[in-house]
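Q: I am new to this structure and would like a close look at one part of it. Could you walk me through the residues that UniProt lists for the active site and the binding site, and what surrounds them?

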Amino acid sequence: MTLPTDPARNLAALIRCASVTPAEGGALSTLETMLKPLGFSVERPVFSEGGTPDIENLYARRSGNGPHLMFAGHTDVVPVGDEASWTHPPFAAEIAKGEMFGRGAVDMKGGIACFIAAVARHLEAKDSLKGSVSLLITGDEEGPAINGTTKLLEWAAAKGEKWDASIVGEPTNPDALGDMIKIGRRGSLSGSIVVNGRQGHAAYPQLADNPVRGLMTLVDALLHPVFDRGTKDFQPTNLEVTSIDVGNPATNVIAAKATANFNIRFNDTWTAETIQAEIHNRLDKAAKRKKYRAGKKAPVDYELVWRDRPSHVFLTRDDRLIEALSGSVETVIGRKPALSTSGGTSDARFIKDYCPVVEFGLVGKTMHMVDERVALADLETLTQIYQRFIEDWFERDVS
């Protein structure tokens, strides 16, 4: 029986599955085919929620006596965009000049392919593990993230599953393999401010109440002053206004309503609750200002609507996990990776409630882009790092 020890072959099989969220596309079936010969039991629960697509997920475990390591990731991918713009077909896994092209090559089918190859090589060499290894794979990371990792964790925990540590195979490296390990993430909140005014003629502003003026006052309060200067482990909290809209095509009409959408990425100075309170406080104070609303007596009439669920800030402090992964990178590549909390959110935000979690995968330069691709040399190197990490982490944990 041929074991899945070749990460490039594993990845090619996964790329050829058109698993654009929420479609399974054959990707989980392909994983099951790879994992069963390695002695993994495989379950594929489907989760549902009203107003969202059903999502099929995968949980695989090879059981042993000792600690339990979880590898987490996702097989769903973002749409390819204009397929005609791709140099190579997005689901063909074609190789050119030492690189494999395809949607999901780095985000994040490549990481999964390498971890499976690493486990296969370990078992081929030693025939056993000093503990248990599981793979927790969702098909909903690039989508609403409702019927994926969060429910899969709840489902597995209800069955009695417990984990000692987790590694998420997201593409964490900005420029070269070995640049960076993510040991935490900033929190994230999104919201909308809706300002109600009074429609009127632009030539008679005294008869109207321009909501854009009120919105400018509120937005100004969110952008200044800064929320903080950053902390030892995190960069400064940052709010970005992502859209402003009045839905008004006429140039001589004052609109009745104006809306601004925003997203804030916050550090460990704040919790989701305290940053929400700060934003409410800023808006309430700003609503009473007359900076752009001379002559108006009433405060700005606004509504703040929070979007989706907040992502909470977290920092992993498990030295054993961090040192094992950092040491494995240094052993294979010859340089020590930076420990970072930069970037967006990932499914690690759910896993952190169950066990210590870090993230390390491929170089993310081409993720979500046309011609997403990965160097074959990086697939081999990441496999070696994962294999070294598996050996080192289990040794550390049972010593």
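A: Happily! One term helps before we start: two residues are in contact when they have heavy atoms within 4.5 Å. Keep in mind, too, that this is a predicted model.

Let us begin with the binding site. An unreviewed UniProt entry lists His74, Asp107 and Glu170 under that name. These residues span 97 residues in sequence, yet no two of their C-alpha atoms are more than 8.8 Å apart, so they gather at one spot. His74, Asp107 and Glu170 also belong to the lining of the second largest pocket.

Histidine 74 is a good place to stand and look around. It lies in strand 5. With a relative accessibility of 1%, histidine 74 counts as buried, because the cut-off for that word is under 20%. Leaving out residues up to four places away in sequence, histidine 74 touches Asp107, Met108, Ile112, Ile137, Thr138, Glu141, Glu142 and Glu170. So that list includes Asp107 and Glu170, both named with His74 in the binding-site record. The side chain of histidine 74 also reaches the backbone oxygen of aspartate 76 at 2.9 Å.

Glutamate 170 sits in the loop between strand 9 (165–168) and strand 10 (180–182). It is buried as well, at 8% relative accessible area. Its contacts beyond four places in sequence include His74, Asp107, Glu141 and Ser346.

Now for the active site, where the unreviewed UniProt entry lists Asp76 and Glu141. The pair is spread over 66 residues of sequence but clusters in space, with a largest C-alpha distance of 6.8 Å. Of this set, Glu141 is found in the lining of the largest pocket.

Aspartate 76 belongs to the loop between strand 5 (68–74) and strand 6 (95–96). It is buried, with a relative accessible area of 0%. Setting aside neighbours within four places in sequence, its contacts include Ser19, Thr21, Asp107 and Glu141.

Glutamate 141 is in another loop, between strand 8 (132–138) and helix 4 (149–158). It is buried too, at 14% relative accessible area. Not counting residues up to four places away, glutamate 141 touches His74, Asp76, Glu170, Ser346 and Asp347.

Glutamate 141 is thus a handy link between the two records: its contacts include Asp76, listed with it for the active site, and also His74 and Glu170, listed for the binding site. With His74 there is a polar contact, side chain to side chain, at 3.3 Å.

Methods: Residues are numbered from 1 along each chain as its sequence is written. This is a predicted model: local features need pLDDT of at least 70, side-chain atom pairs count only at pLDDT 80 or more; totals for chains, interfaces and linings use all residues. Side-chain values use heavy atoms; hydrogens and water are left out. UniProt positions are given in the numbering used here, feature names are shortened, and annotations may be inferred rather than shown by experiment. On a 1 Å grid over the protein atoms alone, a cavity is a set of points where a 1.4 Å probe fits but cannot get out, and a pocket is an open set with protein on both sides within 12 Å along at least five of seven lines; lining residues have an atom within 4 Å of a point. Helices (H or I, at least four residues) and strands (E, at least two) are DSSP runs, numbered from the N terminus. Buried means under 20% relative accessible area, exposed over 50%, partly exposed in between (1.4 Å probe, protein chains only). A polar contact is a pair of N or O atoms within 3.5 Å; within protein, one must be able to donate a hydrogen and the other to accept it, and residues adjacent in sequence count only if both atoms are side-chain atoms.
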